[in-house]
Amino acid sequence: MRFASAVLAAASLVATVSGHWLGEVKHQGVAPFAPSADWKVFRSVKDYGAVGDGVTDDTAAINAAINDGNPCNKGCVSTTETPALIYFPSGTYLISSPVNPAYFTQLIGDASSPPTLKATSDFKGFGLIDADPYYTEVLNWKSQNVFFRQVRNFIIDTTNIAPGTAATGMHWPTSQATSLQNIVFNMPKTDDVVHVGLFMEEGSGGFLTDLTFNGGATGASMGNQQFTMRNLEFNNCKTAIIQLWDWGWTYAGLSINNCKVGIDMSAGGDANALNVGSITLLDSTFKDTGVAILTAWSTSTSPVTAGSLVIENVELSNVPVAVQGPGSSTLLEGGSITIAAWGNGHKYAADGSGPDNSAGPLDAPSRPAALLADGGRYYTRSKPQYEDVAASSIISARSEGAKGDAKTDDTKALQAAIDKAASAGQILFIDYGLYLVTDTIVIPPGAKIVGETFPVILSSGDAFNDVNNPKAIVQVGATAGQTGQVELSDFIVSTKGTQAGAVAIRWNLASDSGKPSGLWDVHVRIGGFSGTEQQVGQCPKTPGNPAVNEKCLVAYLGVHVVKEAAGVYFENTWIWTADHDIDDESNTQITLYAGRGFYVESTNGPLWLWGTGSEHFVLYQYQFANTKNIFMGQIQTETPYYQPTPNALVPFTPNTSLNDPDFSASCAGVDGNCAAAWGLRILDSSDVLVYGGGLYSFFSDYSTSCSTFDAGQTCQQRIASIEGSVSNVGLYNLNTIGTIEMINRDGKKVAGFKENENTFASNVAVYKAA
Ligand SMILES: *[C@@H]1O[C@H](CO)[C@@H](O)[C@H](O)[C@H]1NC(C)=O
């Protein structure tokens, strides 16, 4: 046995040598705040004794790789100090109990030849990967605080486990800035199978893409506040998707084949109090499946908008029932047809009339050609992993002289490394670290940049501290309208200390709409972690006290897409001003002032925002002005917790050249907390389509008592505004929390929370502003 596995280990060593570059490059990430100076960021499970021969039990070795150095695992609240990338070379790793990744730990398989995690027949535990275990009756990490995690490139196989024995492929209750990509779940295909591929019971997500589910009782069983999920294939599952509960969810590119039921969103239906708030489904196919969508919605649903459903461009092939309602009623006949657009729930017309509570065909938006791929679906592109690139042609930021130690000024070295890689047509690998910069980093056309886990580009100093002269930390394109393309993935842009003039990312580049630039898992994280000096010690919350600590002005703007910019694809981008300190053991709340969230004024677009969020900015989370051709698939926002103490006019002065709101006209004569951060503001724009949005205001001066239906949703008066001359602007499944008015058109209320109550949010299924 020993000899045999040694031979196999040698054989897989050969395979490793020809594996994906990520496993082969020199690994020199540094974690400046880790407990030990020699903290290992990169860990190959084979270096910890995993064999990957399909025979040896590798459970202990894999968990040893994860737990080396004592990262934030059992009993720990959260951290950014101990990052780790756990790498799995190609092979079959037999496991008898779960792999339990720590906080801020990625599990990444060889993208060229994804490894298999295979359960033993007597596997014990909740998920081959259990990303948030129940060591007690509650999850180890509060699911709404599970950030910055990834799992990609795996085959997860439960076929050794008896079909009738409960088994779960993966347990993934997570929140923002997390992603799954390129994972296959293989389960038994027998009639008695009870296995579940992916299980998620709560959280505030999130994004995932490119998953395949074969067999099983349920492909994916999911509950979470909101999520964006793309390109999921289900083959021979009894039920492809069970929606346990949600507020809002965007599914695109589902391919459901030979299942009994496609999406079961009927949870809670028996008690006539539905658990599922809303679902938006587009660009999908259902084939040889009995019922595409099973719902408990009716015109007498309780709460009144629960179970809202919007579907667009969905193709059925041999699917007898498209949407089945309570008592096996047919809400929409199936067959072999394409459903252009259909929905049930509350609809408001462009003239502001509504709500009309009904089920039926929808007047679909005209899809702007610039946003579409061949075949008429919205354009998508998964994060490139550069499988065909040799390790020898990867350039490392640290090899080029950048330190990433959170102390050294890395401006020049990082810039030189970026320029060198871009001009050579090579990929720049930013080894994990915190790269302090004191001047703008310019990303030129042609750049391809990949971070190891989530390295941080951290601005510091006077250059970024003039509130009257905002300056970009990362500027994509040297000049506004420069042409070309870039690909950016897996890194974070942040600020250190007072940075009242910092613009985290300014997008100047104009890319061809057929060959857009892309950002995948690139986040803006303002404050609340070690190295920022914007933590509990510097910026504690001060409920009841509107006085501003001027030291806590930490950013001017999150992401700015300028007029001349064009062709940008965002996927899983979270622009977050911290509401709490991730590296504080009690996750204590903090008060930071960052002016504006995500601002788009690109004249022509197109822009895709798949799975993005923007939270806790002072004036607004998303603002679109004089722009067009914008796709959004589940956006999520939160208003700062301290507002209205002070309100949104403090401490930044509205800048008219940025079209900042000044609330003078919109709040004239309006009671309540009106000068509050907009979740979404659209001015003088066309072809702006929001396929799912959650705009939340949970707090008033740090108290959540305003955010319930009984309290009257008084955290703020208004949250979404459409102003001026607009055309083809549509909102689908817009969910709001804590705001009295849900949608405003030129200062007038279109929809209020009261008539649109959903499970926890309020929902408008369809509003076409024009
Ligand atoms: C207003 O925004 C413009 C455009 O970004 C900028 O050039 C200008 O400096 C800003 N003005 C102030 C006072 O912040």
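Here, partly exposed describes a residue whose relative accessible area falls between the 20% below which it is buried and the 50% above which it is exposed. By that yardstick Glu-387 is partly exposed, because its relative accessibility is 41%. The structure you have in front of you is a predicted model. Below is a friendly tour of its domains, its ligand site, one helix, and some residues and peptide bonds worth a look.

**Domains**

- The domain assignment splits the chain into domain 1 (1-30 + 380-557 + 585-593), domain 2 (37-237), domain 3 (249-364) and domain 4 (606-770).
- Between domain 2 and domain 3, the C-alpha centres are 30 Å apart.
- To the contact between these two, domain 2 gives 15 residues and domain 3 gives 12 residues.

**The ligand site**

- Around the ligand you will find Val-467, Asn-468, Pro-470, Tyr-556, Asn-655, Ser-657 and Leu-658.
- Both domain 1 (1-30 + 380-557 + 585-593) and domain 4 (606-770) supply at least three residues to this shell.
- By residue class, the shell holds 4 nonpolar and 3 polar residues, with no charged ones.
- On the backbone side, a polar atom of Val-467 is 3.3 Å from an oxygen atom of the ligand, and a polar backbone atom of Asn-468 is 3.4 Å from a ligand oxygen atom.
- Tyr-556 takes part through its side chain, with a polar atom 2.9 Å from an oxygen atom of the ligand.
- On its own the ligand has 360 Å² of accessible area, and the protein covers 60% of that.

**Helix 3 and its cover**

- Helix 3 spans residues 59-67, and its buried residues are Thr-59, Ala-61, Ile-62, Asn-63, Ala-65 and Ile-66.
- Residues three or four places apart on an α-helix point the same way, because there are 3.6 residues in each turn.
- The cover over the buried residues of helix 3 includes six strands: strand 1 (42-44), strand 2 (53-57), strand 3 (84-88), strand 4 (92-95), strand 5 (105-109) and strand 6 (116-119).
- After helix 3 comes Gly-69, which has a positive phi, near 85°.

**Backbone geometry to check**

- As background, a negative phi is what most residues other than glycine have, and most peptide bonds are trans.
- Ala-177 has a positive phi, near 60°, although it is not a glycine.
- Ala-177 sits in the loop between strand 9 (168-171) and strand 10 (178-186), and it counts as buried because its relative accessibility is 2%.
- Tyr-702 also has a positive phi, near 70°, and its loop runs between strand 43 (686-696) and strand 44 (720-723).
- With a relative accessible area of 11%, Tyr-702 is buried.
- Gly-205 and Gly-206 are linked by a cis peptide bond, with omega near 0°; Gly-206 belongs to the loop between strand 11 (196-200) and strand 12 (207-214).
- Another cis peptide bond runs from Gln-643 to Pro-644, where omega is about 10°.
- Pro-644 is part of the loop between strand 41 (628-638) and strand 42 (678-683).

**Three loop residues and their surroundings**

- Thr-453 belongs to the loop between strand 30 (448-451) and strand 31 (456-459), and it is buried because its relative accessibility is 3%.
- Beyond four places in sequence, the contacts of Thr-453 are Val-41, Pro-83, Ala-84, Leu-85, Phe-104, Gln-106, Tyr-432 and Asp-490.
- Ile-740 lies in the loop between strand 45 (727-737) and strand 46 (741-745), and it is partly exposed because its relative accessible area is 28%.
- Outside its neighbours within four places in sequence, Ile-740 contacts Gly-712, Gln-713, Thr-714, Gln-716, Gln-717, Gly-752 and Phe-753.
- From Ile-740 to Ser-707 the C-alpha distance is 9.7 Å, with a sequence separation of 33 residues.
- Glu-387, the residue from the opening, is in the loop between strand 24 (356-361) and strand 25 (394-396).
- Not counting residues up to four places away in sequence, Glu-387 touches His-20, Ala-111 and Ser-112.
- Glu-387 and Tyr-696 are separated by 309 residues in sequence and by 39 Å in space, C-alpha to C-alpha.

Methods
Residues are numbered from 1 along each chain as its sequence is written. This is a predicted model: local features need pLDDT of at least 70, side-chain atom pairs count only at pLDDT 80 or more; totals for chains, interfaces and linings use all residues. Side-chain values use heavy atoms; hydrogens and water are left out. Buried means under 20% relative accessible area, exposed over 50%, partly exposed in between (1.4 Å probe, protein chains only). Helices (H or I, at least four residues) and strands (E, at least two) are DSSP runs, numbered from the N terminus. Contact means heavy atoms within 4.5 Å. A residue is near a molecule or strand if one of its heavy atoms lies within 4 Å of it. A polar contact is a pair of N or O atoms within 3.5 Å; within protein, one must be able to donate a hydrogen and the other to accept it, and residues adjacent in sequence count only if both atoms are side-chain atoms. Accessible areas come from the Shrake-Rupley method with a 1.4 Å probe; for residues, only the protein chains shown count as cover. Ala, Val, Leu, Ile, Met, Phe, Trp, Tyr, Cys and Pro count as nonpolar, Asp, Glu, Lys and Arg as charged, and the others, Gly among them, as polar. Domain bounds come from an automatic or database domain assignment.
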